[in-house]
Amino acid sequence: MTKLNKKGQALVEYVLIIALVTVIAVSLIKVFGGYLKDSITKTSCELVGETYQKGAQAGEGTCK
């Protein structure tokens, strides 16, 4: 019975670690998401030969 409890404990620990990593990842994306979107937009503008126009806030930039 002790072996069974240790396996269950390890599973719970792995689930908690995965949950913590997920919460941290979602928080970072929420904080830096606009900047990431602007970076991707800026790169795509250069690929299609257009100029990048910065938006009023992070994440609102466009190609023109």
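In which helix is Thr41 found? In this predicted model, Thr41 belongs to helix H1, which spans residues 2–48, and that helix is a convenient place from which to begin reading the structure.

The protein chain contains one helix and two strands, and, followed from the N terminus, its elements come in the order α-β-β. Of the 64 residues in the protein chain, 9% count as buried, and the accessible surface comes to about 5700 Å², with 67% of that area belonging to carbon and sulfur atoms. Among the contacts in the protein chain whose separation is 6 or more, 6% are accounted for by residues 24 or more positions apart.

Against this background, Thr41 can be looked at in more detail. Thr41 counts as buried because its relative accessible area is 15%, which falls under the 20% limit used for that class. A polar atom of the Thr41 side chain lies 2.8 Å from the backbone oxygen of Lys37. When residues up to four places away in sequence are left aside, Thr41 touches Tyr52, Gly61, Thr62 and Cys63, and one of these, Cys63, leads to the next feature.

A search of the whole structure finds one disulfide, formed by Cys45 and Cys63, whose sulfur atoms are 1.7 Å apart. A disulfide is a covalent bond between the sulfur atoms of two cysteines. The pair links distant parts of the chain, with Cys45 in helix H1 and Cys63 in strand S2, which covers residues 62–63, and the two cysteines stand 18 residues apart. The link of Cys45 and Cys63 is left-handed, with -100 degrees about the S-S bond. The two partners fall into separate accessibility classes: Cys45 is buried because its relative accessible area is 0%, whereas Cys63, at 28% relative accessibility, counts as partly exposed.

The remaining feature concerns the surface. Which residues form a nonpolar patch there? The patch is made up of Leu20, Ile24, Leu28, Val31, Phe32, Tyr35 and Leu36, which together have about 730 Å² of accessible area. Tyr35, one of these patch residues, is found in helix H1, and Tyr35 counts as exposed because its relative accessibility is 55%, a value that lies over the 50% limit for that class. Helix H1 thus holds buried Thr41 as well as exposed Tyr35, and Cys45, the buried half of the disulfide, is also in helix H1.

Methods: Residues numbered from 1 in each chain as written. Predicted model: local features only at pLDDT ≥ 70, side-chain atom pairs only at ≥ 80, totals over all residues. Heavy atoms only, no water. Helix = DSSP H or I, 4+ residues; strand = E, 2+ residues; numbered from the N terminus. Buried < 20%, exposed > 50% of the residue type's maximum accessible area, 1.4 Å probe, protein only. Polar contact = N/O pair within 3.5 Å; in protein donor to acceptor, adjacent residues only side chain to side chain. Contact = heavy atoms within 4.5 Å. Disulfide = S-S within 2.5 Å. Areas by Shrake-Rupley, 256 points an atom, 1.4 Å probe, with all protein chains shown as cover. Patch = residues over 30% accessible without salt bridge, like charges linked within 9 Å, V, L, I, M, F, W, Y side chains within 5 Å. Salt bridge = Lys/Arg side-chain N within 4 Å of Asp/Glu carboxyl O.
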